[in-house]
Amino acid sequence: MAQRCLKFLKYTMCVANFLCFLCGVAVLGFGVYMLVNIGMVALLPSLPSVNIANMLLISGIVITCVSFLGFLGALKENRCLLLMYFLLLFLLMLVELTAACLLLWYGEQLSGVITEDLKKSLEEAKGSTGNQTLSAWDLVQNKFNCCGVTNYTEWNDKVPKSCCQTNCSTSHPPYWEKGCLVKMTTLFEDNFLTTGISVIVLCMIEVLGMCFAMTLFCHISRSGLGYKM
């Protein structure tokens, strides 16, 4: 019975971590694509490292490495790898909870920094045509159907075509009235509950992974199987 339980834990961990490994590779690949083809760094000059592409890259690398460690530890029944997998999951959970608490605590200050950065990048985008900052603004405005930081008047007489609702060839084209900051804030607030639930589910999965790893570690230790530390 104990051996069947050990095999069940082993192969369950292998399958689960293999799926996580594939997800990590996909996230990493998408992060590389965004980093190469979508220049979002220009929108936040004060926070060059804090952008979606870099966050996806870091997340993909972490998920890939940790899941590979869990897969290899379960497959080889290596107690050292299983223990490292347990500790890494524990540290990841602490980092996620700390980041969530800091985001809630310093949310207003972060919002102020982002607002100032967006205004600076908009001024830079108005300076010349065809630059990377203007391309980033076009991407955001097309995606969220918005114009400027607060409204289209911030562009003065250099309103880009991405602000037009329909046809820009008329003398007074209809522009999107809401700014991109308002649209993004509304999107975050509308999905705040979903984001919170996702973080809780992620922590539960990590706790489940830690339980599986430690249970397999104890079974291997008691039975005297697997590679020793």
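These legends walk through a few close-up views of a predicted model.

The model is predicted, so local features are given only at pLDDT of at least 70 and side-chain atom pairs only at pLDDT 80 or more, while totals for chains, interfaces and linings use all residues. Residues are numbered from 1 along each chain as its sequence is written, and side-chain values use heavy atoms, with hydrogens and water left out.

**View 1. The whole protein has seven helices and zero strands.**
From the N terminus on, the order reads α-α-α-α-α-α-α. Helices here are DSSP runs of H or I with at least four residues, strands are runs of E with at least two, and both are numbered from the N terminus. Of the 229 residues, 30% are buried. Buried means under 20% relative accessible area, exposed means over 50%, and partly exposed is in between (1.4 Å probe, protein chains only). Take the contacts between residues at least 6 apart in sequence: 68% of them join residues at least 24 apart. Contact means heavy atoms within 4.5 Å.

**View 2. Helix α2 covers residues 52–76.**
With 25 residues at 1.5 Å a residue, α2 should span 36 Å, and its end C-alpha atoms are indeed 36 Å apart. The expected span is 1.5 Å times one less than the number of residues. Among the buried residues of α2 are A53, N54, L56, L57 and G60, and further along T64, V66, S67 and L69. In an α-helix there are 3.6 residues a turn, so residues three or four places apart point the same way.

**View 3. Helix α2 packs against helix α3 (residues 79–105).**
Two packed helices are described by the angle between their axes and the distance between the axes. For α2 and α3, the angle is about 150° and the axes are 8 Å apart. That makes the pair roughly antiparallel. Axes are lines fitted to C-alpha atoms, for helices over the stretch in contact, and angles run from 0 to 180 degrees between N-to-C directions. Under 35 degrees counts as roughly parallel, over 145 as roughly antiparallel, 65 to 115 as roughly perpendicular and the rest as oblique. On the α2 side, V62, V66, L69, G70, L72, G73 and A74 make the contact; on the α3 side, L81, L82, M84, Y85, L88, L89 and L92 do. Sorted by class, that is twelve nonpolar, two polar and no charged residues. Nonpolar covers Ala, Val, Leu, Ile, Met, Phe, Trp, Tyr, Cys and Pro; charged covers Asp, Glu, Lys and Arg; the others, Gly among them, are polar.

**View 4. L82 sits in helix α3.**
L82 counts as buried because its relative accessibility is 1%. Beyond its neighbours within four places in sequence, L82 touches M13, G73, A74, A213, L216, F217 and I220. One of these partners, A213, is 131 residues away from L82 in sequence, yet their C-alpha atoms are 5.8 Å apart.

**View 5. E77 lies in the loop between α2 and α3.**
Most residues other than glycine have a negative phi. E77 has a positive one, near 55°. At 15% relative accessibility, E77 counts as buried. K10, from helix α1 (residues 2–37), touches E77 along with A74, L75 and L216, not counting residues up to four places away in sequence. K10 is buried too, with 12% relative accessibility.

**View 6. N145 lies in the loop between α5 (132–144) and α6 (180–190).**
Here is a non-glycine residue with a positive phi, near 55°. N145 is partly exposed, with a relative accessible area of 34%.
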